[in-house]
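Biologist: I am new to this structure and would like to look closely at a single part of it. Please take me through one helix pair slowly, with the terms explained as they come up.

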Amino acid sequence: MGESRTIRVAVLGYGAIGARVSKSLDSGEVAGAILAGIITSSPERAASRGYRVITVHEALTDCDLVVECATGARLRSLGPKLIQGGVDLLPASLGALAEPNLRKAIMEAGPGRCYLTAGAIGGLDILGAAAANHGLDSVSLTSTKLASTLVQPWMSHEQAERLRNTDKPFALFDGSVQEAIKLFPASLNVGVAIAAATGMWEEVRVQLVADPRAILTNHRIRASGSSGSTTSRLPTSRSPTPPLQAPWSLPHYFEASAALRGHLAHLYDAHLTQTVQPLSDYRNGLRAYYRVCGNRARNVSMPC
């Protein structure tokens, strides 16, 4: 471990998520990191709370990491520029990464690095380790959510009414990650996170189940191959607002590491603390993942 240094972080977007992340950074909750500024199209609101509002150009010169808390559109327009300018990026709008061209520009380019948060689930590192060297043949995600929250603008009147009035669960969608995020952009970011962790963008299958009695959102992940087979069931809290507006935040620390240009970002979000997997198991799996994959990790704490 190299000498620790303070990481300068900018927040892109100042909605509910951006405000929470900014407050966490500004109040010192994230050890080893400081809030360098906020990039927002509504500067008055951030400035009224005493935060420094900066431009993308200033972020390129003043920041080590930008945390995107805006929209997929903002990630598409600014993400490649930040990566090309040598600034690291932590995107919240994971659904946008289902687009191959954007994924290439953000996850495979440089010199900046892309970091992925686990979002609503933990243990992505272990899936990534299992997928290394073609260790997985199939990966599937089944997400069960409250039916009435799944109504989409593109749906017919009959489809929307079925979701509002159904009295029993039913499979609403079954298909690829790309199809899932196109049809349900605010509901299936977990599928994108799994595809990014494993590199299996074409192979990961996603099923969305609408349940009129769901209290929690439940994710069931199945994976199998030469590395073995596993099934995980992970309940998470159901937010009353879509994920891009829900008040989750960056937790709680960044640790320095000479191995990754002086720093290694460890990011556990609010959902991660709610998973059923013991933290000791997660850390053991993480260590094994590093041994197998080294710096090729695509997860919460290693760059893409």
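What orientation do H6 and H9 have to each other?

Modeller: This is a predicted model, in which local features need pLDDT of at least 70 and side-chain atom pairs count only at pLDDT 80 or more, while totals for chains, interfaces and linings use all residues. Residues are numbered from 1 along each chain as its sequence is written, and side-chain values use heavy atoms, with hydrogens and water left out.

Helix H6 covers residues 124–131 and helix H9 covers residues 189–198, and the two pack with their axes 8 Å apart at an angle of about 45 degrees. An axis here is a line fitted to C-alpha atoms, for helices over the stretch in contact, and angles between N-to-C directions run from 0 to 180 degrees. Helices (H or I, at least four residues) and strands (E, at least two) are DSSP runs, numbered from the N terminus. Angles under 35 degrees count as roughly parallel, over 145 as roughly antiparallel, 65 to 115 as roughly perpendicular, and the rest as oblique; H6 and H9 are therefore oblique to each other.

The crossing of H6 and H9 is also right-handed, meaning that the near helix is turned clockwise from the far one by less than a right angle, whereas an anticlockwise turn would make a crossing left-handed. On the H6 side the contact uses Leu124, Leu127, Gly128 and Ala131, which meet Ala193, Ile194, Ala197 and Thr198 of H9, where contact means heavy atoms within 4.5 Å. By class, this contact of H6 with H9 holds 6 nonpolar residues, 2 polar ones and no charged ones. In that grouping Ala, Val, Leu, Ile, Met, Phe, Trp, Tyr, Cys and Pro count as nonpolar, Asp, Glu, Lys and Arg as charged, and the others, Gly among them, as polar. As background, an α-helix has 3.6 residues a turn, so residues three or four places apart point the same way.

H9 itself is mostly covered, since 10 of its 10 residues are buried, a word that stands for under 20% relative accessible area, with exposed meaning over 50% and partly exposed lying in between (1.4 Å probe, protein chains only). Its buried residues include the contact-forming Ala193, Ile194, Ala197 and Thr198, and also Asn189, Val190 and Gly191. After H9 comes Gly199, whose phi is positive, near 75 degrees.

The loop between H6 and S5 offers another view, for both Asn133 and His134 are found there. Asn133 counts as exposed at 65% relative accessibility, and His134 counts as exposed at 71%. Although Asn133 is not a glycine, its phi is positive, at about 55 degrees, and His134, again a residue other than glycine, has a positive phi near 60 degrees. Strand S5 covers residues 138–146 and includes Ser143, which is buried with a relative accessible area of 0%. Leaving aside residues up to four places away in sequence, Ser143 touches Leu188, Gln207, Leu208, Val209, Asn218 and His219.

To set the pair in its wider surroundings, the chain has 10 helices and 9 strands, and 53% of its 304 residues count as buried.
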